[in-house]
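Trainee: Before I trust the labels on this one, can we go through what earns each of them? I'd like the value and the cut-off side by side.

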Amino acid sequence: QSYLGVVDKLTALNATQVKHLGKIVKTTTKIEDTRQYKYIDISEINSPLYGYKELYGWELPSRAKYSLKQNDILVSKLEGTMSYCVILEDDVNYIATNGVSVIRPNNLHALYVLMTNIMSKDFVIQHNAFLTGSIMASLSDTDIEEFLVDDKNVDIESTKRILETLKTLQQLRR
């Protein structure tokens, strides 16, 4: 019932879908054994901050799949507390687990709209509604592309300040 309420509310606002603000990264990365990566697993995502393990290609688990770029948004696909983060550094060595969906925003405005929505209860309700599977419930990338997001009632300046603060906090963690 809560999911239907969210969909009705967002439909009435003429909300857009995630896929119109960014693309889901589906291309897997070819791992180079001798290269050092900054691997982000689900356990490293502490919404909205993240950590990583520095591992050589030969040390990476088989689930290390997606190369990351600055402003990529990671959203966990697994059941439980929905975790998320945004990559704040311009570093080509980041790689993420296949346990997350990687949303690559079309531009900075799309980043702000997506982040505002991902931090909202409406996004979490949609996330929980689409979980499927009996042993380890998860989402598909296609499901996340279809999530509705309010692109009209977004306080861009507040979201910019939040991301600037997160960037500073992330730097302090190093």
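Mentor: Sure. Start with "buried": it means under 20% relative accessible area. Keep in mind that this is a predicted model.

Trainee: Okay, what makes helix H2 (residues 108–118) largely enclosed by the rest of the structure?

Mentor: Eight of its 11 residues are buried, so H2 earns that description. They are Ala110, Leu111, Tyr112, Val113, Leu114, Met115, Asn117 and Ile118.

Trainee: And what do the buried residues of H2 pack against?

Mentor: Strands E8 (73–76), E9 (84–86), E11 (100–105) and E12 (148–149), plus helices H3 (121–129) and H5 (156–172). H3 has buried residues too, namely Asp122, Phe123, Ile125, Gln126 and His127. Their cover includes helix H1 (2–12), E8, H2 and E12.

Trainee: Why is H2 called roughly perpendicular to H5?

Mentor: The two pack at an angle of about 85°, with their axes 9 Å apart. The label covers 65 to 115 degrees, so H2 counts as roughly perpendicular to H5. By class, that contact has six nonpolar, three polar and one charged residues. On the H2 side you'll find His109, Leu111, Tyr112, Val113, Met115 and Thr116, which meet Ile156, Thr159, Lys160 and Leu163 in H5.

Trainee: What happens at the start of H2?

Mentor: A side-chain oxygen of Asn107 reaches to within 3.2 Å of the backbone nitrogen of His109. The distance cut-off for a polar contact is 3.5 Å, and this pair falls inside it.

Trainee: Now Asp91, in the loop between E9 and strand E10 (94–97). Is Asp91 buried or exposed?

Mentor: Buried: its relative accessible area is 17%, and the limit is under 20%. A polar atom of its side chain lies 2.8 Å from the backbone nitrogen of Asn93. Leaving aside neighbours within four places in sequence, Asp91 is in contact with Lys38 and Leu68.

Trainee: Last one, the sheet with the order E6-E3-E10-E7. Why do E6 and E7 stand at the edges?

Mentor: That's an open sheet of four strands with mixed pairing. Strand E6 (53–56) and strand E7 (64–67) each have a single partner strand, so one side of each is left without a neighbour in the sheet. From one strand to the next, the twist averages 45°.

Trainee: How do you know that E7 and E10 are paired?

Mentor: Pairing takes at least two bridges, and three join E7 to E10, which run antiparallel. You can look for Ser67, which stands opposite Ile95 in E10.

Key:
Residues numbered from 1 in each chain as written. Predicted model: local features only at pLDDT ≥ 70, side-chain atom pairs only at ≥ 80, totals over all residues. Heavy atoms only, no water. Buried < 20%, exposed > 50% of the residue type's maximum accessible area, 1.4 Å probe, protein only. Contact = heavy atoms within 4.5 Å. Polar contact = N/O pair within 3.5 Å; in protein donor to acceptor, adjacent residues only side chain to side chain. Axes fitted to C-alpha atoms, helices over the stretch in contact; angles between N-to-C directions. Parallel < 35°, antiparallel > 145°, perpendicular 65-115°, else oblique. Nonpolar A, V, L, I, M, F, W, Y, C, P; charged D, E, K, R; others polar.
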